[in-house]
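Please look through the sequence and the structure shown here before reading on. This briefing takes up one helix and then turns to ring pairs and nonpolar cores.

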Amino acid sequence: MQHEGVVTLEDLLDQIHRHRGINLRSCGREVVERRIHGRMRQMRIESYESYLRLLEGSSDEVDYLLSRITLQASAFFRNPAVFSLLRERVIPKLAAVDRQVRVWSAGCGYGEEAYTLAMLFAEAEPWGERAPPEIYGTDIDARALEMAEAGRYSKEATAPLSAAQLTTYFSPEPDRQTVVYRVVDRVRAMVRFALHDLTTAREAPGGGLFDLVCCRNVLIFYTGELHDRAQDLVCRSVAPRGYLCLGPTEWVGGSLRFGVRRGEPDGPALPAVRQWGAFCVGEAIGGGRSCTARGPGP
Ligand SMILES: C[S@@+](CC[C@H](N)C(=O)[O-])C[C@H]1O[C@@H](n2cnc3c(N)ncnc32)[C@H](O)[C@@H]1O
């Protein structure tokens, strides 16, 4: 039983954790606090206790809050070092594969990551007789996917892009008093967006295996069974000799199978990966197999 004035932010986070298995305590506290306060202000709710009551009685509110907290934290070329690694070491290998390459951005939010990958693959053209890579962007948030599909971004959102990237892969469109940048059709055509929940789906989108799976800053939200299910699906979906790319603070059980040991330069890491100790980017040694075993943590 909670009493007026005693309910804390942690109580709200615990409520969400109990009901959805999503652990927001592992996210940046400042961001979480700001988003919750913003929502409370919007709803004219003044105490955590009242907001907790609302969350207990409304799963729509929990969904809405979750989407506000877990979204918006993406960007084109987020953690640029990761994308340099992909551009220099991973994409050339995939570009040499004699068939259509398959890529999955799992938990893609507004689509920046999926389009970043598409731009990198577009740079690696020509694809000759082969079809260009097929890139899936999936998320549990239908509204975010709609925006991703539209592929229209504000000037601020395009800030991480170079002038050349902006000119080549976007076209400016007037929008009221301002301008938005739309991903060009050639790049949009490489990406398919779909609703997909990593914690409940039995298969990756479209089925089959992927040569590169980017699942960044998604697994951190989960603990326990939901985390295990999501990480198992992610691992099972990487093709033999395929690549897995996680966020800077993420780890999957069985990561050794991916040839990556975060923070252990002498571990069985790929030469290309060693210098990127802070990021889990690894080549799947087995691939397409389950990884239910819990690996060494970060
Ligand atoms: C912080 S964003 C990360 C976006 C992008 N991957 C990046 O690193 O910039 C987390 C995204 O994961 C999505 N997400 C959370 N749980 C998910 C799940 N069970 N299945 C698929 N996507 C999920 C959220 O909706 C959100 O769009």
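Which residues are exposed on the other side of helix 3? In this predicted model, they are Arg-53 and Gly-57, and the points below begin with the buried residues of that helix before moving on to the aromatic rings and the cores.

**Helix 3**

- Within helix 3, which spans residues 48-57, the buried residues are Tyr-48, Glu-49, Tyr-51, Leu-52 and Leu-55.
- Because these buried residues cover an arc of only 160° around the axis, they lie on the same side of helix 3.
- Arg-53 and Gly-57, by contrast, are exposed on the other side of helix 3.

**Aromatic rings**

- Counting rings whose centres lie within 6.5 Å as a pair, the model has seven aromatic pairs.
- One of these pairs is made by Phe-76 and Phe-170, which meet edge-to-face, with 5.6 Å from centre to centre and 85° between the planes.
- Phe-76 belongs to the loop between helix 4 (59-70) and helix 5 (80-95), while Phe-170 belongs to strand 4 (residues 170-175), so this pair ties together parts that are 94 residues apart in sequence.
- Phe-76 and Phe-170 are both buried.
- The rings of Tyr-115 and Phe-193 are also edge-to-face, because their planes stand at 70° and their centres are 5.5 Å apart.
- Since Tyr-115 lies in helix 6 (residues 112-123) and Phe-193 in strand 6 (residues 191-195), the pair ties together parts that are 78 residues apart in sequence, and both of its residues are buried.
- These four residues join Tyr-153 in one aromatic cluster, made up of Phe-76, Tyr-115, Tyr-153, Phe-170 and Phe-193.
- Elsewhere, a charge meets a ring: the charged end of Arg-102 sits over the ring of Phe-210, 4.2 Å from its centre.

**Nonpolar cores**

- The largest nonpolar core contains 40 residues, and those with the most contacts inside it are Leu-86, Phe-121, Ile-135, Phe-170 and Leu-212.
- Several elements each supply at least two residues of this core, including helix 5, helix 7 (142-150), strand 5 (178-183) and strand 8 (238-246).
- Helix 6 gives the most to this core, with eight residues.
- Apart from this core lies another one, of 22 residues, among them Ile-16, Leu-24, Tyr-48 and Tyr-222.
- Leaving aside residues up to four places away in sequence, Phe-170 touches several residues, including Phe-76, Met-119, Tyr-153, Leu-161 and Tyr-181.

Note on methods: Residues are numbered from 1 along each chain as its sequence is written. This is a predicted model: local features need pLDDT of at least 70, side-chain atom pairs count only at pLDDT 80 or more; totals for chains, interfaces and linings use all residues. Side-chain values use heavy atoms; hydrogens and water are left out. Rings of Phe, Tyr and Trp (its six-membered ring) pair if their centres lie within 6.5 Å; planes under 30 degrees apart count as stacked, over 60 as edge-to-face and the rest as tilted. Helices (H or I, at least four residues) and strands (E, at least two) are DSSP runs, numbered from the N terminus. Buried means under 20% relative accessible area, exposed over 50%, partly exposed in between (1.4 Å probe, protein chains only). A charge sits over a ring if NZ of Lys or CZ of Arg is within 6 Å of the ring centre and within 35 degrees of the ring normal. A nonpolar core is a set of buried Ala, Val, Leu, Ile, Met, Phe, Trp, Tyr and Cys residues joined through side-chain atoms within 4.5 Å. Contact means heavy atoms within 4.5 Å. The arc is that of the directions from the helix axis to the C-beta atoms.
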